[in-house]
Amino acid sequence: MQLIWLRSDLRLHDNTALSAAAQRGPTVAVYLLSPEQWQAHDDAPCKIDFWLRNLQSLSTALGQLNIPLLVRSAATWDQAPQVLLELCRQLQIRTLHFNQEYGIHESRRDAAVARVLEKAGISVQGHFDQLLFKPGSVLTKSGGYFQVFSQFRKVCYSRLHTALPVLVSAPGGQMPLSISADPLPGQIEGFPTPKPALRELWPAGEDEAQARLERFADEQIHYYQGERDFPAKPGTSQLSPYLAAGVISPRQCLHAALRSNRGEFESGNPGAVTWINELLWRDFYKHILAGYPRVSRHRAFRPETEAVKWRDAPEELAAWQEARTGLPIIDAAMRQLLETGWMHNRLRMVVAMFLTKNLLIDWREGERFFMRHLIDGDLAANNGGWQWSASTGTDAAPYFRIFNPVSQSQKFDSEGRFIKHWLPQLAGLNKKDIHNPATLGGLFGVADYPAPMVDLSRSRERALAAFKALPSRLDAGAGDE
């Protein structure tokens with residue numbers, strides 16, 4: 001008997017571990033509920049709800065193949081080895097299969113499981129699955145992990161020319177087992193169920209993920225390069241929650257993009273090329289997680305930036321969290337996050353730079369808040385994005401590159417459509433005034449909208465001074481956007 005331990009791979013198709021298990025013999029699946037671990041990792045209630053809904057869909061699909069999905073509790077990952085050992089003994093399992101994960105806690109958990117099971121004579125097989133390139137396989141000439149994306153991408157492109165990742169076949173049906181699938185909980189204590197409107201935005205299931213991918217590849221990918229930075233336009237794929245939960249694989253995404261671009265990934269349609277680059281960014285941050293474990297420990301990638309004198313400003317942090325900054329594009333973006341569990345990627349950079357540069361608040365506060373609200377929360381991507389914006393990370397924005405939220409708003413939401421949607425109290429303003437209502441003055445301002453909480457110019461100078469004071473200067477020059 002084979003056991004497939006499902007984690008962030010909640011799909012039937014192109015699932016390496018599931019396919020390998022099914023080829024070896026009769027297979028049972030298991031999922032571990034670990035609420036204390038999820039809370040320690042700041043997983044959002046909407047994310048846990050999304051994963052439970054996808055598990056329900058997957059359980060049904062597996063049931064049609066006579067593969068029962070069992071549910072066990074391991075409140076923390078420390079309990080996983082013993083829980084899995086007991087299940088393996090109960091079912092007389094010969095081999096446990098799982099798809100590899102790359103955070104330091106995930107790696108330690110899997111190593112502990114392997115030690116305990118193998119000591120008991122049970123084989124453990126980890127499979128490469130959730131990336132396009134295995135960590136450790138894309139290295140510099142000196143044998144280290146890349147720290148700059150453009151160099152990483154160049155090597156990945158050369159590999160894609162010679163060895164395109166192949167899709168794995170889905171398992172076939174098996175003879176019925178005398179084991180029944182377990183019921184799945186509708187909710188986990190400590191993770192309240194999101195509002196119906198949020199759940200409706202993100203339907204569960206592999207069919208939904210595939211349909212979104214097909215629509216994007218057929219209708220939108222050609223406009224992706226030109227429209228992805230405009231939050232009021234449907235320019236992005238909306239696939240990130242499905243990728244984070246493994247309801248769809250990056251290999252499936254890559255193949256769909258190539259089909260829409262006649263097999264090209266460096267030329268042809270710019271939208272397809274740009275989207276493939278985004279898939280490679282996802283790989284890049286996972287490789288950083290594997291190669292530099294300190295980023296899993298709340299440490300800055302650039303050690304010298306640990307000396308930045310971040311401000312302790314709880315009231316300002318709360319205003320940012322609660323969309324009360326007085327800067328419309330920031331507040332609209334935060335409203336989008338709070339109500340939908342998702343934020344447009346351009347705006348993730350804008351609000352992160354505002355927190356870390358204009359407010360000079362530690363990036364870890366923002367990283368944690370995002371994880372507690374994102375339905376697509378992923379340690380590698382979230383940490384990578386925050387450290388890029390804060391100029392503490394790999395391939396980071398130079399410390400002097402500070403997005404001006406007003407000019408970003410004027411450039412990427414010029415008509416104010418996104419702002420008006422999320423801040424209806426500003427709907428009466430024209431497209432010039434809506435980006436910074438404070439310029440109207442108190443008499444003509446919006447009664448229930450606050451004044452900007454910070455002077456952008458002075459706060460920018462404060463951030464520059466804080467970074468210039470570091471023992472080792474990060475970059476030279478000056479400028480902003």
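These legends describe close-up views of one predicted model.

**View 1. The N-terminal span, residues 1–132.** The UniProt record, an unreviewed entry, places the feature "domain: Photolyase/cryptochrome alpha/beta" here. Helix makes up 47% of the span and strand 20%. The end C-alpha atoms of residues 1–132 lie 29 Å apart.

**View 2. R109 in helix α5.** Helix α5 covers residues 104–119 and holds R109. Is R109 buried or exposed? R109 is buried, because its relative accessible area is 4% and buried means under 20%. Leaving aside neighbours within four places in sequence, R109 is in contact with W5, R7, W77, A80 and E101. S150 is 41 residues from R109 in sequence. In space, C-alpha to C-alpha, R109 and S150 are 32 Å apart.

**View 3. Helix α12 crossing helix α17.** Helix α12 spans residues 270–291, and helix α17 spans residues 379–390. Their axes come within 8 Å. They cross at roughly 95 degrees, which means that α12 is roughly perpendicular to α17. Which residues make the contact? From α12 come Y285, K286 and L289. From α17 come L379, A380, A381, G384, G385 and W388. By class, the contact has six nonpolar, two polar and one charged residues.

**View 4. Two nonpolar cores.** In soluble globular proteins, nonpolar side chains tend to be buried together. The largest nonpolar core in this model has 127 residues. W275 and W320 have the most contacts inside it. Which helix gives the most to this core? Helix α12 does, with 10 residues. A second, separate core has 22 residues. Among them are V28, L32, L96 and V124.

**View 5. Helix α13 and W320.** Helix α13 runs over residues 314–321. Its residues L317, A318, A319, W320 and Q321 are buried. What do the buried residues of α13 pack against? They pack against α14 (328–340), α15 (345–358), α16 (363–371) and α17. Look next at W320 alone. Not counting residues up to four places away in sequence, W320 touches T325, I330, M334, V351, F354 and L355, and also L359, G366, F369, F370 and W386. A323 follows α13 and has a positive phi, near 60 degrees.

**View 6. A181 in a loop.** A181 lies in the loop between α6 (149–162) and α7 (196–201). Its relative accessibility is 43%, so A181 counts as partly exposed. What does A181 contact, leaving aside its neighbours within four places in sequence? The partners are S59, P68, L69 and L70. A318 is 137 residues from A181 along the chain. The C-alpha atoms of A181 and A318 are separated by 44 Å.

**View 7. Two loop residues with a positive phi, D14 and S391.** Most residues other than glycine have a negative phi. D14 is not a glycine, yet its phi is positive, near 50 degrees. D14 is found in the loop between β1 (2–6) and α1 (16–24). Its relative accessibility is 1%, so D14 counts as buried. S391 is not a glycine either, and its positive phi is about 65 degrees. The place of S391 is in the loop between α17 and β6 (401–402). S391 is buried, with a relative accessible area of 1%.

Key
Residues numbered from 1 in each chain as written. Predicted model: local features only at pLDDT ≥ 70, side-chain atom pairs only at ≥ 80, totals over all residues. Heavy atoms only, no water. UniProt positions renumbered as here; feature names shortened; annotations may be inferred. Helix = DSSP H or I, 4+ residues; strand = E, 2+ residues; numbered from the N terminus. Axes fitted to C-alpha atoms, helices over the stretch in contact; angles between N-to-C directions. Parallel < 35°, antiparallel > 145°, perpendicular 65-115°, else oblique. Contact = heavy atoms within 4.5 Å. Nonpolar A, V, L, I, M, F, W, Y, C, P; charged D, E, K, R; others polar. Buried < 20%, exposed > 50% of the residue type's maximum accessible area, 1.4 Å probe, protein only. Core = buried A, V, L, I, M, F, W, Y, C linked by side-chain atoms within 4.5 Å.
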